[in-house]
Amino acid sequence: MEKMMNIQEVIAAILGIIALIFIVKKLFTEFTRPQSSSKCDKCPVTKEFDNKTEF
Amino acid sequence: MAPNSSPKKEVFRIALLGNPNSGKTAIFNLLTKLRHKVSNYPGVTVEQKTGLIRLKNGRMAEVIDLPGTYSLTPESLDEKIVAEEVTKWIHNINKPDVIISVVDASNLSRNLYLTTQLTDLGIPVVMALNMMDRVKSGTIDHHLLKEKLGIQSVIPMSAKQKWGVDQLLEQLIDVSESSAIDQSFMIPLNIPSQVSEVLEPVTDLFREHMRYSPRLAVAQALRIITRKSALELYSNVGTDFEGIDPTIFEKLLSVRENFIQKLGILNYSHRILEATLRYALIDQIINDVQADRTKVLNEVTRSERLDRILTHKWLGPVIFISIMYLIFQSVFTFAAGPMDWIDALIHRLGETILKTMESGMLRDLIVDGVIGGVGAILVFLPQILILVFFLTILEDSGYMARVAFMLDKMMTKVGLHGRSALPLISGYACAIPGIMASRTIDSWKERLITILILPLMSCSARLPVYTLLIGAFIPATTIGGFISLQGLVLVFMYILGTGVAFILGWIFSKFIPVQGKSSFVMEMPPYRFPIMGSVFHQVFTRGKLFIKNAGQIILAISIVLWFIASFPKSPDSINGNRVEHSYAGKLGKLVEPIIEPLGFDWKIGIGLITSFAAREVMVSTLATLYSVENEDDSVVHLSEALVNDTDPDTGKPRYNILIALSLMIFYVFAAQCMATFAIVKVETNSWKWPIFMICYMSILAYGSSFLVYQGGRWLGY
């Protein structure tokens, strides 16, 4: 029974896994989030920079 | 079916439009009870914001706050956002039921330009005659103004003093209950008959192919002739909007060229045609409604007198640098007490857990990883709040607009212009809103350069790194008895980042091709006492973000770091540093040869890797590493741990003032913020520029630190 993880180790391990998943998810969402339009957070991006208008 | 043509049960749409710095967002906040950022300089709002309210008649209303614009003819990206939105309204897409035209009463002439354009759209217009507190009472006949403009109502108000909002809401209820407005009357502009004749083919196209009202057809014809950017709003109109001739853009393009030629023969300039006609109308209206045009502004002379000193050729920059020095000095002085309190609180929490919880892995994780890592960051909260407080005061008072004006000449020399100044100054708080604020820059080239150099402005996330190292290694002495050396070093870090940003701006301007012409006309807002509610809200928002970051990504990194710094457990036979033999230690050792020439060891190497998430993670990383390394059951003071850390082989201090300077300079330039690169990717719509940014900043950081460390060693330090 010595090898069995005690309760502190189990909770610590769970916290570690959650933290790791959070970091990976954060990295993923930062760089794969849909490009939001400058018009609003939820609008799809327009070709603002493809169309470099002469004002 | 167009949204506005639906029954009245639907959400009533209210659009807020007005010149930059006319107080749209302040009115938006009053209407919706939301707390969006307001400030005293043009271009604070660069994206559309919406809020829901319930009117007193029970009807739900959606309030839309659009970026400020001087006219519906776009001159910059944020103005283009408004112009595109209005083009949709013209074609019954997302059309509002009423437009609130926000007008700065102290600058009626310039503000009415946009209002006269809005009246052509066939949408009811209610004017919020804002900033009436700056105008002598009785100088503007608002009843006559309503009549002259032919709009629904003119409501005198002051968003700053919070009066007039109830009347505005009542007027909105009236509009929500009334029927559609009459669109049959003609545009009130006095267009010469020869111009009207040559204008006809364009107006005919709008009327026949787009089914515009006669008034709107003339207004749009004038607009597309004035600027090509206004015509380009129609480039996709045939495909985006149903029932429109897909070839309309080509047709408009061809008649525009023809019209410009004919106008030239008649000795009219197409670029100022609409402005000339509208200002003739506005002058006429103002002469009728304004009692004494020359005495309307109460504060102009006061502001001008102040400007003579604050924007003086030589005195201005000296005052600016002195103000910045005082702010950074205050960051140290005023924050010292609250930082000690937070530090004491965190240590007490750690000690309580050590005393009350049974020893084990979870206790170590909480004390060394969570409290050690996150606590080390939270200590810097007072400094961040004080910095944001002073920067917001400068913005709200109108001083930052003067800084932009002063920097204009210097920026022109480096290939930018004064319009870049405000986004760059915003970067001192955080690069992300600064990058978004660059939308006010009309030229793509200048906007791109501003985006590329903006992360070099030392943001508040660097502050914990700077102040940790300054506090630990820079002596707390004064120069000349009153200038603090620590404060001076901090100011130097900010000046270094800013100076190099300008140099790089100049270099980039040589390589990035010109796309679009730039212009810089900046309105100087009058000096005013900051709205303290808004200032404290900004401070609160920044503080909340800092704590949120600490409670999320920094907490997660601290936990993971604790694991990799604690495992594998080193056998008892191994002497020395336990962390050195852990996975984290091995990772640090892997990068150590690369960073050794900069004076950095494996511990800093781990910090450099983890702080890619956010710069302040460097502090929490070092705190976690020292906490894990500490074999006693006690909470580690990071600053002391850094100073007392010795190399086991030589017995000498591991870190010294030279390494601290090298590390600070590395952080001035380093590309250590993933959120910044994500926003650059979004704003430039490509991977190319964020990757370029990471590369150039990393090379710059490495090279500068190398020079500082090796140069220092060569000099015998």
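Analyst: Let's start with a term: pLDDT is the predictor's confidence in each residue, on a scale from 0 to 100. We need it here, as this is a predicted model.

User: Happy to start there. In chain B, where is confidence lowest, and where is it highest?

Analyst: The low end in chain B is helix H9 (residues 237-240), with a mean of 62. The high end is helix H27 (residues 657-669), at 96. Over chain B as a whole, pLDDT averages 84, and 90% of the residues score at least 70.

User: And what is the mean pLDDT of chain A?

Analyst: Chain A has a mean of 65, with 47% of its residues reaching 70 or more. For the model as a whole, ipTM is 0.71 and pTM is 0.71.

User: Over which residues does pLDDT stay under 50?

Analyst: Here is the general idea: where pLDDT is low, the predicted coordinates should not be read in detail. In chain A, pLDDT stays under 50 over residues 35-55, for which the model has 44 contacts beyond four places in sequence. In chain B, pLDDT stays under 50 over residues 1-8, and the model gives that stretch eight contacts beyond four places in sequence.

User: What else can you tell me about chain A, such as its secondary structure?

Analyst: Chain A has one helix and zero strands. Of its 55 residues, 16% are buried.

User: Let's turn to the architecture of chain B. Into which domains is chain B divided?

Analyst: The division gives domain 1 (1-298), domain 2 (315-511) and domain 3 (549-714). The centres of domain 2 and domain 3 of chain B, taken over C-alpha atoms, are 19 Å apart. Their contact draws 41 residues from domain 2 and 42 residues from domain 3.

User: Which elements make up the domain 2 side of that contact?

Analyst: Those giving two or more residues are helices of chain B: H13 (315-356), H14 (361-378), H18 (431-437), H19 (444-453), H20 (463-473) and H21 (485-511). H14(B) supplies the largest share, twelve residues. By residue type, the domain 2 side divides into 30 nonpolar, eight polar and three charged.

User: H13(B) is on that list. How do I check the span of H13(B) against its end C-alpha atoms?

Analyst: Count 1.5 Å a residue, and the 42 residues of H13(B) should span 62 Å; the end C-alpha atoms are 60 Å apart, which agrees. H13(B) does bend, by about 50° at B:Ala336, and a proline, B:Pro338, follows within four residues.

User: Which residues of H13(B) are buried?

Analyst: To read burial, count neighbours: a residue is buried if 20 or more other C-beta atoms lie within 10 Å of its own, and exposed if 12 or fewer do. In H13(B), the buried residues are B:Ile327, B:Phe328, B:Val331, B:Ala335 and B:Gly350. Their cover includes H14, helix H15 (381-397) and H21 of chain B.

User: How many residues of helix H3 of chain B are buried?

Analyst: Helix H3(B), residues 108-118, is mostly covered, with eight of its eleven residues buried. Among them are B:Leu108, B:Asn111, B:Thr115 and B:Gln117. Part of the cover comes from strands S1 (12-18), S4 (98-104) and S5 (125-130) of chain B, and part from helices H4 (142-149), H7 (214-226) and H11 (273-289).

User: Is B:His143 buried or exposed?

Analyst: B:His143, in helix H4 of chain B, counts as exposed because it has 11 C-beta neighbours inside 10 Å. Its C-alpha atom is 7.0 Å from that of B:Val154, which is eleven residues away along the chain.

User: My last topic is backbone geometry. Which residues have a positive phi without being glycine?

Analyst: As background, most residues other than glycine have a negative phi, and most peptide bonds are trans. B:Asn21 has a phi near 65°, and lies in the loop between S1 and helix H1 (24-32) of chain B. B:Asn21 is buried, since 25 other C-beta atoms are within 10 Å. B:Met131 has a phi of about 65°, and sits in the loop between S5 and H4 of chain B. With 26 C-beta neighbours inside 10 Å, B:Met131 is buried.

User: And which peptide bond is cis?

Analyst: Look at the bond from B:Phe567 to B:Pro568, where omega is near -5°. B:Pro568 belongs to the loop between helix H22 (532-566) and helix H23 (583-595) of chain B.

Conventions. Residues are numbered from 1 along each chain as its sequence is written. Chains are lettered from A and ligands numbered from 1 in the order in which they are written. This is a predicted model: local features need pLDDT of at least 70, side-chain atom pairs count only at pLDDT 80 or more; totals for chains, interfaces and linings use all residues. Domain bounds come from an automatic or database domain assignment. Two residues are in contact if their C-beta atoms, placed from the backbone, lie within 7 Å. Ala, Val, Leu, Ile, Met, Phe, Trp, Tyr, Cys and Pro count as nonpolar, Asp, Glu, Lys and Arg as charged, and the others, Gly among them, as polar. The expected span of a helix is 1.5 Å times one less than its number of residues. The bend at a residue is the angle between axes fitted to the seven residues ending there and the seven starting there.
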